[in-house]
Amino acid sequence: MRTTFLDAAALCVAIAAAATATAVSAQAPASAVDHAAHHPPVAASGSAPSPATRLAEGEVRRIDREQKKITLRHGPIASLDMPPMTMVFQVADEAMLAVVKVGDQVRFAAQKADAALVLTTLEKVPE
Ligand SMILES: [Cu+2]
């Protein structure tokens, strides 16, 4: 009776050890991925935009400095899930409009704010 119990206990320990060893080796790849996530490649950090914040492309159709509005004929905007169209954007700062004129090709990022779309980035594409 006592011997049987000890044998069973020993067997239990052996199984537990084996299970622990399996768990450790199974976790190794996951923790490696975890570690990589905490240390992204240099290219993904810093000022390089991620795919989600990549700039959309457009052409300036109208500029309204007083109303701080700009009309762009734009290509698809992935971050807003928007197809190509011509539409009006608000700008947060009138100074953003100073760098562009009607007919310019531009790159931009926009953000939903209340009922309007506000440009957060606007830059002229060098020709
Ligand atoms: Cu649009």
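Q: pLDDT is the predictor's confidence in each residue, from 0 to 100; for which residues does it stay under 50 while the model has three contacts beyond four places in sequence?
A: That stretch is residues 40-46, where a contact is a pair of residues whose C-beta atoms, placed from the backbone, lie within 7 Å. Over residues 14-28 pLDDT also stays under 50, and for these the model has zero contacts beyond four places in sequence.

Q: What should be known about the model and its numbering before reading on?
A: This is a predicted model, in which local features need pLDDT of at least 70 and side-chain atom pairs count only at pLDDT 80 or more, while totals for chains, interfaces and linings use all residues. Residues are numbered from 1 along each chain as its sequence is written.

Q: What makes up the secondary structure of the chain, and in which pattern?
A: Helices (DSSP runs of H or I, at least four residues) and strands (runs of E, at least two) are numbered from the N terminus; the chain has one helix and five strands, which follow each other as α-β-β-β-β-β. Among these elements the mean pLDDT is lowest, at 50, in helix α1 (residues 2-38), and highest, at 98, in β2. For the chain the mean is 76, with 58% of the residues reaching 70 or more.

Q: How do you know that β4 and β5 are paired?
A: Two strands pair if DSSP finds at least two bridges between them, and β4 and β5 have eight bridges, in the antiparallel sense. These two strands form a hairpin with two residues between them, and D114 in the turn has a positive phi of about 50°. Within this pairing, Q111 stands opposite V118 in β5.

Q: Why do β3 and β5 count as a pair?
A: Because at least two bridges are required, the two bridges that join β3 to β5 are enough, and the strands run parallel. Here Q90 stands opposite V118 in β5.

Q: What is the order of the strands in the closed barrel?
A: The five strands run β1-β2-β3-β5-β4, with mixed pairing. Neighbouring strands are turned by 55° against each other on average, direction ignored, where axes are lines fitted to C-alpha atoms, for helices over the stretch in contact, and angles run from 0 to 180 degrees between N-to-C directions.

Q: Why is I63 called partly exposed?
A: A residue is buried if 20 or more other C-beta atoms, placed from the backbone, lie within 10 Å of its own, exposed if 12 or fewer, and partly exposed in between; I63 has 18 such neighbours, and therefore counts as partly exposed. I63 lies in strand β1 and, leaving aside neighbours within four places in sequence, is in contact with I70, L97 and V102.

Q: What makes a set of residues a nonpolar core, and how many residues has the largest one here?
A: Such a core is a set of buried Ala, Val, Leu, Ile, Met, Phe, Trp, Tyr and Cys residues joined through C-beta atoms within 7 Å; the largest has 13 residues, and those with the most contacts inside it include I70, F89 and L119. Each of β1, β2, β3, β4 and β5 supplies at least two residues of this core, with β4 giving the most, three residues. The bridge partner of I70 in β3 is F89, and I70 is also in contact with residues including V60, I63 and L119.

Key
Contact = placed C-beta atoms within 7 Å.
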